[in-house]
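Ready for some practice in reading a protein model? Grab a pencil, look at the picture, and work through the exercises below before you peek at the solutions.

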Amino acid sequence: EEARGFLQGLVTCDMDHVEENKPAFGALLTAQGKILFDFIIFGRGDGFFIDCRSEMAAEFIKRLTFYKLRAKVEIEDQSDRHAVIAAWGEEQPVEQHGLAPDARLVTLGLRGIVDRQAAQHMVADLGDVASPADYHAHRVALGVPEGGIDFAFSDTFPHEADMDQLNG
């Protein structure tokens with residue numbers, strides 16, 4: 001019940017603007033202001049889903065739990081039940097599938113966190129599906145950096161990763 005306020009005090013994005021179909025791009029910073037984690041956060045019912053690099057999820061959860069103290073929040077890894085879907089190009093799936101315009105840059109297309117089974121059905125319905133490498137090529141062509149790939153975590157300030165230009 002205190003998730004919004006809890007996150008508002010920790011992350012770079014304004015949690016007051018995060019809604020069901022209006023995600024935000026943000027980061028969790030070191031005390032010196034360098035990026036520890038970058039992510040996209042989605043409103044979901046009375047809580048939030050955070051889209052971060054899968055290999056960093058456990059560390060991210062551990063860090064958030066460290067700050068939890070007595071806040072009335074639950075933090076758990078749901079990556080075994082959910083998947084991230086991104087779509088771009090002329091024939092994007094409609095937003096009814098739980099996808100929303102990418103919080104960083106509209107021309108990146110749509111992005112969302114959906115149930116794993118729903119993701120499999122969406123992929124089957126779409127037919128021609130791009131690979132993760134295709135997505136990264138699309139992202140790089142638009143000049144959108146991603147932490148852990150295009151810049152080093154714990155060594156980069158938000159403005160050095162264009163977060164000020166990408167709504168972060």
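A residue is called buried when its relative accessible area is under 20%, exposed when that area is over 50%, and partly exposed in between, using a 1.4 Å probe and protein chains only. Before you start: this is a predicted model, where local features need pLDDT of at least 70, side-chain atom pairs count only at pLDDT 80 or more, and totals for chains, interfaces and linings use all residues. Residues are numbered from 1 along each chain as its sequence is written, and side-chain values use heavy atoms, with hydrogens and water left out.

**Exercise 1. Get the overall picture**

Find out which helices and strands the chain has and how its overall dimensions look.

Step 1. Helices here are DSSP runs (H or I) of at least four residues, strands are DSSP runs (E) of at least two, and both are numbered from the N terminus. Counting that way, you get 4 helices and 6 strands.

Step 2. Walk along the sequence and you'll read off the pattern α-β-β-β-α-β-β-β-α-α.

Step 3. Now the dimensions: along its principal axes, the C-alpha trace spans about 45 × 35 × 25 Å. The radius of gyration is taken over C-alpha atoms, and the globule rule is 2.2 Å times the number of residues to the power 0.38. For 168 residues, a compact globule would come out near 15 Å, and the chain's 16 Å agrees with that.

Step 4. How much is tucked away? Buried residues make up 42% of the 168 residues.

Step 5. Last, contacts, meaning heavy atoms within 4.5 Å. Take the contacts with a separation of 6 or more: 55% of them link residues 24 or more positions apart.

**Exercise 2. Compare two neighbours in a helix**

Decide for Gly 5 whether it is buried or exposed, then do the same for Phe 6.

Step 1. Locate them: Gly 5 lies in helix H1, residues 3–8, and Phe 6 lies in H1 too.

Step 2. Check the areas. Gly 5 has a relative accessible area of 55%, so it is exposed. Phe 6 has 12%, so it is buried.

Step 3. Look at what sits around Phe 6. Leaving aside neighbours within four places in sequence, the contacts of Phe 6 are Leu 64, Tyr 67, Lys 68, Ala 71, Val 73 and Ile 75.

Step 4. Add the C-alpha distances. Phe 6 and Lys 72 are 66 residues apart along the chain, with 8.6 Å between their C-alpha atoms. Gly 5 and Ala 71 are also 66 residues apart in sequence, and their C-alpha atoms are 9.2 Å apart.

**Exercise 3. Trace the strand pairings**

Work out which strands stand at the edges of the open sheet of 3 strands, and how S2 and S3 are connected.

Step 1. Some background: strands of a sheet pair through backbone hydrogen bonds, either parallel or antiparallel. Here, two strands count as paired if DSSP finds at least two bridges between them.

Step 2. The open sheet has the order S4-S6-S5, with antiparallel pairing. Strand S4 (82–87) and strand S5 (100–101) have a single partner strand each, so one side of each is left without a neighbour in the sheet.

Step 3. Zoom in on S5: 2 bridges join S5 to strand S6 (residues 110–115), and Pro 101 stands opposite Leu 110 in S6.

Step 4. Turn to S2 (residues 35–44), which pairs with S3 in the antiparallel sense over 5 bridges. One facing pair is Ile 40 and Asp 51, the latter in S3.

Step 5. S2 and S3 form a hairpin with 2 residues between them, and Gly 45 in the turn has a positive phi of about 60°. Strand S3 (residues 47–51) is mostly covered, with 4 of its 5 residues buried.

**Exercise 4. Follow one histidine**

Find out which residues His 82 is in contact with, not counting neighbours within four places in sequence.

Step 1. His 82 is found in strand S4.

Step 2. At 17% relative accessibility, His 82 counts as buried.

Step 3. The contacts of His 82 are Phe 49, Ile 113, Val 114, Asp 115 and Arg 116.

**Exercise 5. Spot the positive phi values**

What is the phi of Asp 162, and what is the phi of Asn 167?

Step 1. Asp 162 is found in the segment after helix H4 (132–141), and so is Asn 167.

Step 2. Asp 162 has a positive phi of about 60° although it is not a glycine. For Asn 167, phi is near 65°.

Step 3. Check exposure: Asp 162 is partly exposed at 33%, while Asn 167 is exposed at 56%.
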